[in-house]
Amino acid sequence: MIQPFTVAIDGPAAAGKGTISKAVAAHFSFAHLDTGLLYRAVGARVLDGARAEEAAAALCAEDLGGDILRTAAVAQAASKVATIPQVRAALVDFQRSFARRAGGAVLDGRDIGTVICPQAEVKLFVSARAEVRAARRYEELKTKGGVDSFETVLADVRARDARDADRAHAPMVAAADAILVDTSDLSIAAAVAEAIAVVETVRG
């Protein structure tokens, strides 16, 4: 049986960690988990009237699909429920079990390398300047319609950064031994190549 190998990828919204995580997982044939979907699923249930703690405790794999989880409203709700310690605690075991599955796993989120998998073999912190991330999100939202202005998106990005970084429980912060990947001026291919090179170095 292939031994577990965990790659923890953290970083703020629209930095590219999801794209990088999927590419790294595909390259090494590792399983991939976007842990943000867990919080988005809880956020979606809260928007439907559920209590956050109960929604987190009852979460199942079927809740992690659907375009509704990618809406701006759900993203904001996810960021808010992620500040609730009881919600985070309810989702920890699922994430840790996934991380140590045989054959390797890549998890991306905001506290993977610091809280969920502090013993991960590889830790990356993927970031980019707020203005760059806002521009990416703005272009994405324009294709879906319903976005007001770049300034509104930038304000939302900065507010979410502050909320994620300042929360009392499991704030978003780079692990002391994480390797920074700044995607501000990198192409997708270059950012992915940089991440893959880090994993390959550790794996030997």
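**Briefing on a predicted single-chain model**

A14 lies in the loop between β1 (6–10) and α1 (17–28), and this residue, although not a glycine, has a positive phi of about 65 degrees. The model described here is predicted. Its chain holds nine helices and five strands, which follow one another from the N terminus in the order β-α-β-α-α-α-α-β-α-β-α-α-β-α.

**Overall form**

- With 204 residues, a compact globule would be expected to have a radius of gyration near 17 Å, and the value for this chain, 16 Å, agrees with that expectation.
- Taken along the principal axes, the box filled by the C-alpha atoms of the chain is roughly 45 × 40 × 30 Å.
- Of the 204 residues, 48% count as buried, while the chain exposes about 9,700 Å², of which carbon and sulfur atoms supply 55%.
- When contacts between residues at least 6 apart in sequence are considered, 78% of them join residues at least 24 apart.

**Backbone angles in the loops**

- Most residues other than glycine have a negative phi.
- Besides A14, whose phi is about 65 degrees, S29 is a residue other than glycine with a positive value, its phi being near 60 degrees.
- S29 is found in the loop between α1 and β2 (31–34), and it counts as exposed because its relative accessibility is 62%, where exposed means over 50%.

**Helix α5**

- Helix α5 covers residues 85–99, and at 1.5 Å a residue its 15 residues should span 21 Å, which agrees with the 21 Å that separates its end C-alpha atoms.
- A kink of about 35 degrees is nevertheless present in α5, and it is centred on V92.
- V92 is also one of the buried residues of this helix, together with V87, R88, L91, Q95, F98 and A99.

**Salt bridges between distant parts of the chain**

- A search of the whole structure finds 15 salt bridges, and the pairs described below are among them.
- One salt bridge joins the side chains of K123 and D177, with a distance of 3.1 Å from N to O; this pair links distant parts of the chain, since K123 is in strand β4 (residues 122–127) and D177 is in the loop between α8 (150–166) and β5 (179–182), 54 residues apart.
- K123 counts as buried because its relative accessibility is 9%, and buried means under 20%.
- R129 forms another salt bridge, with D185, in which the closest N and O atoms are 3.3 Å apart; here too distant parts of the chain are linked, with R129 in the loop between β4 and α7 (130–144), D185 in the loop between β5 and α9 (188–203), and the two positions 56 residues apart.
- The two partners differ in their exposure, for R129 is partly exposed, with a relative accessible area of 43%, whereas D185, at 65% relative accessibility, counts as exposed.

**A salt bridge within a helix, and a network**

- The side chains of E140 and R137 meet in a salt bridge at 3.4 Å, N to O, and both residues lie in helix α7, three residues apart, which is about one turn of the helix.
- An α-helix has 3.6 residues a turn, so residues three or four places apart point the same way.
- E140 is partly exposed, with a relative accessible area of 35%.
- Salt bridges also link R110, R160, D164 and R167 in a network.

How values were computed: Residues numbered from 1 in each chain as written. Predicted model: local features only at pLDDT ≥ 70, side-chain atom pairs only at ≥ 80, totals over all residues. Heavy atoms only, no water. Helix = DSSP H or I, 4+ residues; strand = E, 2+ residues; numbered from the N terminus. Expected span 1.5 Å × (residues − 1). Bend = angle between axes of the 7 residues up to and from the residue. Buried < 20%, exposed > 50% of the residue type's maximum accessible area, 1.4 Å probe, protein only. Salt bridge = Lys/Arg side-chain N within 4 Å of Asp/Glu carboxyl O. Rg over C-alpha atoms; globule rule 2.2 N^0.38 Å. Contact = heavy atoms within 4.5 Å. Areas by Shrake-Rupley, 256 points an atom, 1.4 Å probe, with all protein chains shown as cover.
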